[in-house]
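Reader: I should like to learn how to read the features of a structural model in an orderly way. Would you take me through them one by one?

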Amino acid sequence: AVQEYTNYVVYMIESMIANMKAPLTPQKFVVLFDLKGFTPSLVFRKDVRLMIRKLIYVAQSQYPERLHQTLLVNAPFGFESAWRLIKPLLDEKTAAKI
């Protein structure tokens, strides 16, 4: 399921890029994650950690200069604890965009 979701995210990003008009400057995009229903305990599940790592890898290795910003909405109480576990997986430039 993790690989299928990762493939879906890559497909959606590639579709979005293909539909952008060619500007004079490089194309950038904003990613929005709705965290409704997220609980910090999910970070301790192996499949969830694998999915997070794969999505971070895709964003950092395939689209490092295209990612303008990532917005996290509806973050539940306690998300800060989960974020402390996730943030070290990001490179500095990517973390600054969140």
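Reader: How many salt bridges does the structure hold?

Author: One looks for a side-chain nitrogen of Lys or Arg within 4 Å of a carboxyl oxygen of Asp or Glu. In this predicted model, the structure holds 2 salt bridges. In one of them, Arg45 is paired with Asp47, and the closest N and O atoms are 2.7 Å apart. In the other, the side chain of Lys93 meets that of Glu65, with 3.5 Å from N to O.

Reader: Which parts of the chain does the pair of Lys93 and Glu65 link?

Author: The pair of Lys93 and Glu65 links distant parts of the chain, 28 residues apart. Lys93 belongs to helix α4 (residues 92–96), while Glu65 sits in the loop between α2 (46–62) and β2 (67–73).

Reader: Are Lys93 and Glu65 buried, partly exposed or exposed?

Author: Such a class is read from the relative accessible area: under 20% is buried and over 50% is exposed. Lys93 counts as exposed because its relative accessibility is 56%. Glu65 has a relative accessible area of 49%, so Glu65 is partly exposed. Turning to the other salt bridge, Arg45 is partly exposed at 42%, and Asp47 is partly exposed at 35%.

Reader: In which sense do strands β1 and β2 pair?

Author: Strand pairing is read from the bridges between two strands. Here β1 (residues 29–34) and β2 pair in the parallel sense over 6 bridges. As an example of a bridge, Val31 has Thr70 in β2 as its partner. Between the two strands the chain passes through α2, and this β-α-β crossover from β1 to β2 is right-handed.

Reader: How many residues does α2 have, and how many Å does the helix reach?

Author: The span from the first C-alpha to the last can be set beside the expected value at 1.5 Å a residue. Helix α2 has 17 residues and reaches 24 Å, close to the 24 Å expected.

Reader: Which residues of α2 are buried, and what covers them?

Author: The buried residues of α2 are Val48, Ile52, Leu55, Ile56, Val58 and Gln60. Their cover includes α1 (2–19), α3 (79–86) and α4.

Reader: With what is Thr6 in contact?

Author: Here one sets aside residues up to four places away in sequence. Thr6 lies in helix α1 and touches Lys54, Leu55 and Val58. Of these residues, Leu55 and Val58 are among the buried residues of α2. Thr6 itself counts as buried because its relative accessibility is 5%.

Reader: What is in contact with Thr94, and is Thr94 buried or exposed?

Author: Thr94 is placed in helix α4. Leaving aside neighbours within four places in sequence, Thr94 is in contact with Gln60 and Leu67. With a relative accessibility of 10%, Thr94 counts as buried.

Reader: What is the value of phi at Asn74?

Author: The sign of this angle deserves attention in a residue other than glycine. Phi of Asn74 is near 55 degrees, a positive value. Asn74 is located in the loop between β2 and α3. The relative accessible area of Asn74 is 49%, so this residue is partly exposed.

Reader: Where in the protein is confidence lowest, and where highest?

Author: In a predicted model, the predictor's confidence is read residue by residue. The protein averages a pLDDT of 83, and 98% of the residues score at least 70. Confidence is lowest in α3, at a mean of 80, and highest in α1, at 87.

Technical notes
Residues numbered from 1 in each chain as written. Heavy atoms only, no water. Buried < 20%, exposed > 50% of the residue type's maximum accessible area, 1.4 Å probe, protein only. Helix = DSSP H or I, 4+ residues; strand = E, 2+ residues; numbered from the N terminus. Right-handed = clockwise from strand over helix to strand, strands pointing away. Expected span 1.5 Å × (residues − 1). Contact = heavy atoms within 4.5 Å. pLDDT = per-residue confidence, 0-100.
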